[in-house]
Amino acid sequence: MHRSKRQLPVIHAAAVLQSLPEGTIVTDANATVQFINNRAADIFAIDISSAIGKPFREVISHQEINKTIRGIVASGGEWCPPGIPETLNVTLNGQEQYFKIEVSPMIEEERLVGTVILLTDVTHYERADRLKTQFVATISHEFRNPLTSIVMAVELLLDGRQGELTQDGQALLQAIRDDGQRLAQLVNNLLKIARLDEVEIRMEMESVSVAEMVDMAIEPLKFQLKEKQITLSKKIPDSLPEVYVDATKATWILTNLVGNAIRYTPKGGEIIVSALHSNMKIYITVTDTGLGIPVRYHEKIFERYTQVKGNGTAGGAGLGLAIAKEIVEAHGGRIWVESEEKKGSCFTFTLPVNEKEV
Ligand code: ADP
């Protein structure tokens, strides 16, 4: 039997497309609009009768869709486009709605006869995702302050000024403090991830000196350095130009890298924080004499929730480096590690120089 005999009559095909819950637009092989169902007309707020017969780009100015249609037409339908990553956000009847967009080539007898643009309602998923993000942000925020107070109160008890502690009492309090600090770190990381997901990272850029940033970054770690008898030295040339960064976020990266270096370096080790200027970038490096990282993990550790097996992860969550990478990239920089097992690790990231200074 001839293939076309099995197809629906044309009038039925249009009725099917009209009744689809997805917004649907069909163009011919020259990207001229041939069909728009009511749903698509509502989503794009267009008048169907005046749109038919016009080039798609004159009817809908969405850049990504037009680019994809152009690609399909230029390749004669050979190119199978990936999905368009951003959802389309429109207000319909006073309600915000989100649509996933897919553009596909329409092939008949091995020839490109047109393209189909499909708009699927994903409002439900977007809302659930937003709620989840807000939930994580709220919970982490609510946990943070009481946790900080608990850790501070334990520190006060531990320093002995409130009265002598027995050895057992001291050990118990130390355990509370360590777990409290771990929990506070985890909550902080969660909060940062939730915020990063919410919108793309909001940057508050300013010009700051690298030496000052390093001092601020290591200040909260002094106690841990002392406890593990790790020496930290700084190699930062006086002539270094200032960096143009979001200072809070850039400092956080450094605190995290030095914090990791302390965590994964045995007692009595050494950490060096150094910086150098090259090609309008500042390279900041944190070197330690710790456990090191196997080569197969060198890229993976920058993904969320990745931890090196057998490194005794000391209560971390595998989030710090993933967040550090997002922040560095938001500054247009790069972060990477060079490391040899049992010898130590060397994390480097780049930040932009304040151009006015150079
Ligand atoms: P975590 O909170 O687990 O430390 P990170 O994202 O900061 O999360 O680090 C991911 C993993 O990379 C760690 O669990 C650890 O296995 C490894 N790692 C990070 N920094 C170092 C380092 N300086 N030395 C050895 N291993 C490290």
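1. In this predicted model, the ligand is surrounded by 22 residues, and the closest are Asn260, Tyr264, Asp288, Gln307 and Leu321. By class, that shell contains nine nonpolar, eleven polar and two charged residues.

2. Three elements each give at least two residues to the shell around the ligand: helix 10 (247-263), helix 11 (320-330) and strand 12 (344-352). Helix 10 provides the largest share, four residues.

3. Polar atoms of the ligand have partners in both side chains and backbone. One ligand oxygen lies 3.0 Å from an N or O atom in the side chain of Arg263. A ligand oxygen is also 3.0 Å from a polar backbone atom of Val308. For Ser345, the distance from an N or O atom of the side chain to a ligand nitrogen is 3.5 Å. On its own the ligand has 520 Å² of accessible area, and the protein covers 99% of this.

4. Helix 11 deserves a separate entry. Its buried residues are Gly320, Leu321, Ala322, Ile323, Ala324, Ile327 and Val328. Leu321 is also among the residues closest to the ligand. After the helix comes Gly332, which has a positive phi, near 75 degrees.

5. Which residues does the salt bridge of Lys67 join within helix 5? The partner is Glu64, at 3.6 Å from N to O. Both residues belong to helix 5 (residues 63-74) and sit three residues apart, about one turn of the helix. An α-helix has 3.6 residues a turn, so residues three or four places apart point the same way. Neither side of this pair is buried, because the cut-off for buried is under 20% relative accessible area, while Lys67 has 48% and Glu64 has 26%.

6. Two further pairs can be listed with their accessibilities. Glu102 and Lys100 form a salt bridge with the closest N and O atoms 3.7 Å apart; Glu102 is partly exposed at 30%, and Lys100 is partly exposed at 36%. In the salt bridge between Glu303 and Lys300, the closest N and O atoms are 3.4 Å apart. Glu303 is partly exposed at 40% relative accessibility, as is Lys300 at 39%. Side chains of opposite charge can pair when their charged atoms come close.

7. How many salt bridges does a search of the whole structure find? The count is twelve. Arg177, Asp178 and Glu227 are joined in a network of salt bridges.

How values were computed. Residues are numbered from 1 along each chain as its sequence is written. This is a predicted model: local features need pLDDT of at least 70, side-chain atom pairs count only at pLDDT 80 or more; totals for chains, interfaces and linings use all residues. Side-chain values use heavy atoms; hydrogens and water are left out. A residue is near a molecule or strand if one of its heavy atoms lies within 4 Å of it. A polar contact is a pair of N or O atoms within 3.5 Å; within protein, one must be able to donate a hydrogen and the other to accept it, and residues adjacent in sequence count only if both atoms are side-chain atoms. Accessible areas come from the Shrake-Rupley method with a 1.4 Å probe; for residues, only the protein chains shown count as cover. Ala, Val, Leu, Ile, Met, Phe, Trp, Tyr, Cys and Pro count as nonpolar, Asp, Glu, Lys and Arg as charged, and the others, Gly among them, as polar. Buried means under 20% relative accessible area, exposed over 50%, partly exposed in between (1.4 Å probe, protein chains only). A salt bridge is a side-chain nitrogen of Lys or Arg within 4 Å of a carboxyl oxygen of Asp or Glu.
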